[in-house]
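Got your viewer open? Let's take a walk through this one, selection by selection.

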Amino acid sequence: MLEIGSLVDGKYKILNKVGQGGMSVVYLAMNEKANKQWAVKEVRKDGVLDFESVKQGLVAETDILKRLSHPNLPSIIDVIDTEESFIIIMDYIQGNSLNKALEEFGAQPQENVIEWAKQLCDVLGYLHSRQPPIIYRDMKPANIMLKPDGNVTLIDFGTAREFKEKNLADTTCLGTVGYAAPEQFGGMGQTDARTDIYCLGATLYHLVTGMNPCEPPYEIKPIREINPTLSSGLERIILKCTQRDPNDRYQSAAEMMYALEHYNEIDDIYRKKQKKKLWMFLIPVILTIVFAGTSIWGFISAENKKNENYDYILANAKTKDDYYEAITTDPTRTEAYLGTKDHEGLIKFLTNDGILNAEENGCFNQLRSGLDAVSASGYSNSVMVLDKLRDANPKGYAQVCYEIGEAVLFYYDIGVEKDKYAAAATWFQYAQDDYPIAKMYCDISSCLQNIAKYTKAGQLAKLNEEYASLWSQITALNSNAVNNFSDDTEGLDLKLRVWNEIVNMIRNNASQICQVASKESVIDLIDDISANSSKIDNAFLQNSITSLKENISITKEKINSIKSNSVEGAQ
């Protein structure tokens, strides 16, 4: 075991032990330089019979969490494999598990449970929208941490997996009996997003009733049989979640989220009140309708039509969900994505602050997996909006994909150049026929992926080929920006962003590029960009020009510090 006061990896000071399981011990540690606390999970090799199997599970869990970024999920910071133990450094989550809250206080207040359920739905929706989707499979109170601010964090990804269609090998009872869906037991089907819906329903049942589904009588009853004061709307939600047949459950986390946000509207008491209000309203209406029936009916029809009208929704859009509603109203139009002269679209809405974070990028990815739309009968169904746009309006589809690709490339705050280009290329690939520059971006992305691959493999010859190709793509990209972009404010702004990307790529790969091209030719390209940007006389773009000039100055200093080229005079 780690000693209190010892340093892990020279920077994480062990403060005290905060938990222990069958195979691992969890400590609270402090990174004194960063003045931040972390959780240190240690699995000792001499305390586990089949350590390699356990290690594979730990590696799989950390690999999943490293790729995720969500406010209700912990982050993995570091993984350390020593001779004595396997150590994981992760976020320290203050608070206690909901299982402990159940042990101390029993059934939890309905309002709290519903709020937690919404947060967990949001987490599941995020996991299920990954490519490929991630199925959590072990939702239960013990795996949900309640923080002091009242929010929850989902922990323990030991049984999570990436969804693979028609893969029945994952059905070998992974999960916790009582909370696990029927298909988690071998031979009863494949786990998918609806499996997590079942587990969440069983968890809500335990939280709101205090009745553990893992204990006798091992069943999930209607919650009002246990506590008649509970909402019939919540009862319907939990019963729908925990249906044996996955087709009878909510089909997505978004669909369940909608039900939770409107649970009181399906409550019996609410319906009775609404029915009484309706009759109180109808009596004077019936009397009045003799004199003004036609005009009232016309007004109601006009109002309904206006509320469902695409242009009306877009004109009043204030949230991403408003734009989603406009998109699902008519998926064949592009204005809700691209905006109009008078109203911004979803892309501009998400990038207004100059940064596209992981959650906002997830909003774009959600378009691929479909948006939930409410039908006239009140039920949700998923609409594959991009497929409908592509089939009905191919040119509009290409433009939307190109504009989203630009937003990801220029605004995504991901930190790793090749990953940013890879994310953007997933959109640019559908716009290559209509936008030649989209193909350039895809080619650059391919170069960066190959560079990472050949660097890892130590293949110097292949690396030089890829850097030569990258240099060729960079020069072509500059030529395209100079010759093909318009000279209005929008075109000049795009030109400046492209130049900034070119300078960034040169700075990030300076030594290698100067191995396949002469320093003089690299400096000439940068000077050409500097000269062309100096010709721009636009007051709205002065900050962008200044930022580019500073970037150019730093990059030139870096290039000038490189001693020599291995291939002098290469072009």
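Start inside: the largest nonpolar core of this predicted model has 85 residues, and F364, L367 and I506 are those with the most contacts within it. Next, select residues 436-457, which make up helix α17; the largest share of this core, 10 residues, comes from that helix.

Now zoom in on L367. Which residues does L367 touch, leaving aside its neighbours within four places in sequence? Show Y324, I327, Y337 and L346, then add V385, L386 and I404: L367 is in contact with each of these.

Apart from the 85-residue core lies another one, with 57 residues. To find this second core, select V113, A181, Y198 and L207, which are among its members.

Next stop, helix α1: select residues 51-66 and pick out G57, which lies in this helix. Is G57 buried, partly exposed or exposed? Its relative accessible area is 32%, so G57 counts as partly exposed, since buried would need under 20% and exposed over 50%. While you're there, draw a C-alpha to C-alpha distance from G57 to F157: you should get 9.4 Å, although the two are 100 residues apart in sequence.

Finally, zoom out and colour by secondary structure: there are 22 helices and 13 strands. The protein has 571 residues, and 46% of them count as buried. Turn on a contact map, too: among contacts with a separation of 6 or more, 58% join residues 24 or more positions apart. Last, switch to the surface, where the accessible area comes to about 29,000 Å², with 51% of that belonging to carbon and sulfur atoms.

Key: Residues numbered from 1 in each chain as written. Predicted model: local features only at pLDDT ≥ 70, side-chain atom pairs only at ≥ 80, totals over all residues. Heavy atoms only, no water. Core = buried A, V, L, I, M, F, W, Y, C linked by side-chain atoms within 4.5 Å. Buried < 20%, exposed > 50% of the residue type's maximum accessible area, 1.4 Å probe, protein only. Helix = DSSP H or I, 4+ residues; strand = E, 2+ residues; numbered from the N terminus. Contact = heavy atoms within 4.5 Å. Areas by Shrake-Rupley, 256 points an atom, 1.4 Å probe, with all protein chains shown as cover.
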